[in-house]
Amino acid sequence: MSHKHYKYQTLLTGDSGRYQCSGFHRSLNCIKNSNIISLIVSDKPKAKVTSGSTIIPVGGRVTLSCSVDDSDGWKYDWFRRTSNSNEAQVDGEENRDITVSQEGVYRCRGRRGEPVYYTDYSDEVSVEITDAVLTLDPNWSSFYTGESVTFICDMKEGKHTDWEYRWSKDEKSDQIMSHKHYKYQTLLTEDSGRYQCSGFHRSLNCIKKSNIISLIVSDKPKAKVTAGPTIIPVGGRVTLSCSVDDSDGWKYDWFRRTSNSNEAQVVGEENRDIRVSQGGIYRCRGRRGEPVYYTDYSDEVTVEIT
């Protein structure tokens, strides 16, 4: 053909293959071959929605994410319906991720190209608003074996107090109790899981389910010391830094010993970073919570004065 465009108006899976073009110039009497492009045509895709906990407290939010395989170039249409309303497109949203605070049934689809090509709709996901709120005390991002934690189930019903509480882990019922606190005194790794509480009120004849909290319990951590140059001149200083994974809420104990003295705690220091001008062997540990929970000691680091 005489033009450089070759168009498939409607692709089929049978059009998959390795494509190449060649150019022939009569007056120059030469042929030039192009690079090869592999075209893969798959069946029409279906969008997929993923989310965090879809039971959220009043005023809370959840992020919904829409995806289409590993392919690129997509924009997204989001749709919402309720038991009282027909499905409608969520105005102003074409991002892969959206944050929602309204109850309802959500789904999405992908679109790209010109003319626009649409994927199949995703499965639906239901977002529920609850005034039963599950929280942690302390509210660390992660926990370790030997620590303690209390789950608190708050029904947010000021004048109604006669609730019975049902606790569940990984969607399996655990036990029913009359109070809203559920405490692990000494956590184990097998206590990791997805926790939820429900409140049952006999006179109101209603059940309310809380949001879900994912609890992660890891093995007891070991503190870590990092330092700049540890050989410093007389009158110089070096900064030592103590850390515990990526977890939060830690204060730090620092310790020092020399060849002539036993180990003693560095008085007045509980910061992550300390600046020292004395030679010696240093190490640290992390502590947090009440009762106090301690990490394992860090490895030692030697500071020398030269």
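Me: Where does Leu11 lie in this predicted model?

Reply: In this predicted model, Leu11 lies in the segment before β1 (17–19).

Me: Why is Leu11 called partly exposed?

Reply: The relative accessibility of Leu11 is 42%. Partly exposed covers the range between under 20%, which is buried, and over 50%, which is exposed; Leu11 therefore counts as partly exposed.

Me: Which residues form a nonpolar patch on the surface with Leu11?

Reply: Tyr6, Tyr8, Tyr19 and Ile37 form the patch with Leu11, and together the five have about 500 Å² of accessible area.

Me: What makes the pair of Phe255 and Tyr297 edge-to-face?

Reply: The ring centres of Phe255 and Tyr297 are 5.4 Å apart, and the planes stand at 70°. Pairing requires centres within 6.5 Å, and planes over 60 degrees apart count as edge-to-face; the pair is therefore edge-to-face. Phe255 belongs to strand β27 (residues 251–258), whereas Tyr297 is in the loop between β31 (293–294) and β32 (301–305), 42 residues apart.

Me: How do you know whether Phe255 and Tyr297 are buried or partly exposed?

Reply: Phe255 has a relative accessible area of 7%. Buried means under 20%, so Phe255 is buried. For Tyr297 the value is 30%, and partly exposed runs from that cut-off up to 50%; Tyr297 is therefore partly exposed.

Me: What makes β5 and β10 the edge strands of the open sheet with the order β5-β7-β10?

Reply: β5 (48–51) and β10 (97–100) each pair on one side only. Four bridges join β5 to β7 (residues 62–67) in antiparallel fashion.

Definitions and conventions. Residues are numbered from 1 along each chain as its sequence is written. This is a predicted model: local features need pLDDT of at least 70, side-chain atom pairs count only at pLDDT 80 or more; totals for chains, interfaces and linings use all residues. Side-chain values use heavy atoms; hydrogens and water are left out. Patches are made of residues with over 30% relative accessible area and no salt bridge: like charges are joined within 9 Å, nonpolar side chains (Val, Leu, Ile, Met, Phe, Trp, Tyr) within 5 Å. Accessible areas come from the Shrake-Rupley method with a 1.4 Å probe; for residues, only the protein chains shown count as cover. A salt bridge is a side-chain nitrogen of Lys or Arg within 4 Å of a carboxyl oxygen of Asp or Glu. Helices (H or I, at least four residues) and strands (E, at least two) are DSSP runs, numbered from the N terminus. Buried means under 20% relative accessible area, exposed over 50%, partly exposed in between (1.4 Å probe, protein chains only). Two strands pair if DSSP finds at least two bridges between them. Rings of Phe, Tyr and Trp (its six-membered ring) pair if their centres lie within 6.5 Å; planes under 30 degrees apart count as stacked, over 60 as edge-to-face and the rest as tilted.
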